[in-house]
Amino acid sequence: MTHTLGRPDFDLIAGWVEPGHRVLDLGCGDGALLKLLITTRNVQGWGVDIEDANVLAAIRNGINVIQSNLEKGLADFADDAFDHVVLSRTLQTVRHTEHILREMLRVGREAVVSFPNFAYWQNLRSVLDGRMPVSEDLPYQWYDSPNVRFFTLLDFEALCGQMGLTIVERRVLDEAGEIVLADSPRDLNFLGSLAVYRLTRPR
Amino acid sequence: MPGIGVVESQRIHFSEPLHLRSGGILPAYDLAVETYGTLNAARSNAILVCHALSGHHHLAGHYADAPDNVGWWDNIIGPGRPLDTDKFFIVGLNNPGGCHGSTGPSSINPATGKPWGADFPIIAVSDWVTAQARLADRFGIDSWAAVMGGSLGGMQALRWTISYPERVRNALIIASAPKLTAQNIAFNDVARQAILTDPDFHGGHYYEHGTRPVRGLRLARMLGHITYLSDDQMGEKFGRELRNGSFAFDYDVEFEVESYLRYQGDKFAGYFDANTYLLMTKALDYFDPARLDDGDLVKTMGRTHPNTNFFVASFTTDWRFSPARSREIVAALLANGRKVSYAEIDLNFGHDSFLMEDPHYHGLVAAFLGNIAL
């Protein structure tokens, strides 16, 4: 199966938004996800990115983008301003994990978070073989990785529980971008390379 | 890339009185205007560039008889430049109250037959926008493809989106603020005091005395200049370099920074009108569109058109109009669900950065304007 823009999590996220929704994409890069959601789902979109090159690329793509540092929170955004706040493959690069999750659910009704699962069996095998994992979803060498937080599906779910966040939906993908079907979280944790979550918080 | 080359300016007369926010009236007025590029048949490709405190209508190119008199924003305007004259029709004007050809304090007051001087009415940013709207009418431009400005020019662009939301399709608000801080007003007042207390000021009627408050204007400009540069840039450019290598133990020019500031002050005082300087600083101080809504900027930005695209930019080393001030505009636009992009540009030239040629900065402007469908 081929995926839009080679990003299987994009297809999942596209399925979760409704036309007219307001979507904020944190760490939006060149705005590819927002462009997809605007063209195929007719949403209103805004992106946030800190990198000059990404801000320029997003504007070139006709995407609204705010240059800002996610570590400092989302102070420019009002409470409940968005239907969905997306953090796609970026949570592992953010130092203030709890803060950004809380901020996402302050400015948005729903948070969509995707991240590489460090407990994926190929990653575990790599570590058992004595080397840090490098894969489709962890495409960096240990010395040039932007990732600062290393965690698994189960770790993330434990944190959500601790923070009182509600997991509305969980999708787990393998390295080829195929949905992993398994019953127990333990199995998903072992078989999934990328996890995508929909979160809310009790209001 | 070569620039636009030889340009010409024109004076356009407006006979309908301009009723000003201050209660004053300009019975009739002239505007000095320059345009570059060609207005298309649909009149949909016009960009208005608003000037800041000391600017004017001569944005780009040079005059046939003055090849060194290059427009103040020449680096961004021309064929293939971000404000591409092959695509857009660019309009620059000298605002009323100015001293570069538009009706201002040095013009003749028809009621007295003498220069207006201090009797020239106080003029607000919203008044300039009204005058600019009439200029658009004169050109048959219903809506601007973009209105753009830096600093006080950015305030005019912002005001356009509030006063005439349906007439601005894109707004570029650069190194600006939704209102001045107390510190900023304080700087302006010191500048004004320098002019007002100059013995050559004569209550603003110095034209009749054949003098100009050159000393006051020079001090005002020197102070302003300090605030337009960054500490780092001044350190790099001048450090503590001495002109003659050693201390002279007197009050003549010793440090390079003194030499630079005095030169800038002298140059400016040589051509700029002090009454215009006073007017411009007051326009800056009074600018606060949120007063329309009891100080609620979010409410005020709700007056903008939902289809207008905003590009707001600030510069990391600008402490006169800091990034935080631009972010206030951005936050208020976002709170209304407006289409806004914001860039915080890392340039070392303080407030003056907005005038500099920088690939990233100009790339952003080009990218934003590149999305405009004509």
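The largest cavity is lined by B:Leu53, B:Phe187, B:Asn188, B:Ala191, B:Leu223, B:Gly224, B:Thr227, B:Tyr228, B:Tyr277, B:Thr281 and B:Arg320. The structure described here is a predicted model.

**Cavities**

The space inside the largest cavity amounts to about 50 Å³. Its lining draws at least two residues from each of α3 (182–196), α4 and α7 (274–286) of chain B, and α4(B) gives the largest share, with 4 residues. In terms of residue class, the lining of the largest cavity comprises 6 nonpolar, 4 polar and 1 charged residues.

In total, the structure contains 2 cavities of 30 Å³ or more. The second largest cavity has a volume of about 40 Å³ and is bordered by B:Arg243, B:Asn244, B:Ser246, B:Ala248, B:Val253 and B:Glu254.

**Pockets**

The largest pocket encloses about 950 Å³ of space. Its lining consists of 41 residues, and those closest to the centre are A:Gly27, A:Ser88, A:Arg89, A:Thr90 and A:Tyr140. Both α1 (8–16) and α2 (32–41) of chain A supply at least two residues of this lining.

The second largest pocket holds about 670 Å³. Of its 27 lining residues, B:Ser54, B:Arg221, B:His225, B:Asp352 and B:Leu355 lie nearest the centre. Two or more residues of this lining come from α4 (214–228) and from α6 (256–271) of chain B; α6(B) provides the largest share, with 5 residues.

The residue classes of three linings are set out below.

| Lining | Nonpolar | Polar | Charged |
|---|---|---|---|
| Largest pocket | 16 residues | 14 residues | 11 residues |
| Second largest pocket | 14 residues | 9 residues | 4 residues |
| Second largest cavity | 2 residues | 2 residues | 2 residues |

**Surface patch and A:Tyr143**

On the surface, a nonpolar patch is formed by A:Val127, A:Met132, A:Trp142, A:Tyr143 and A:Phe150, which together have about 650 Å² of accessible area. One of these residues, A:Tyr143, is located in the loop between α5 (121–128) and α6 (153–163) of chain A. A:Tyr143 is classed as exposed because its relative accessible area is 59%, and the cut-off for that class is over 50%.

**A:Val172**

A:Val172 belongs to strand β6 (residues 166–173) of chain A. Its relative accessibility is 2%, so A:Val172 counts as buried, a class that requires a value under 20%. From A:Val172 to A:Gln122 the separation is 50 residues in sequence and 15 Å in space, C-alpha to C-alpha.

Conventions. Residues numbered from 1 in each chain as written. Chains lettered and ligands numbered in written order. Predicted model: local features only at pLDDT ≥ 70, side-chain atom pairs only at ≥ 80, totals over all residues. Heavy atoms only, no water. Patch = residues over 30% accessible without salt bridge, like charges linked within 9 Å, V, L, I, M, F, W, Y side chains within 5 Å. Areas by Shrake-Rupley, 256 points an atom, 1.4 Å probe, with all protein chains shown as cover. Salt bridge = Lys/Arg side-chain N within 4 Å of Asp/Glu carboxyl O. Buried < 20%, exposed > 50% of the residue type's maximum accessible area, 1.4 Å probe, protein only. 1 Å grid on protein atoms, 1.4 Å probe; cavity = no way out; pocket = protein on both sides within 12 Å on 5 of 7 lines; lining within 4 Å. Points joined across faces, edges and corners; volume = space filled by probe spheres on them. Nonpolar A, V, L, I, M, F, W, Y, C, P; charged D, E, K, R; others polar.
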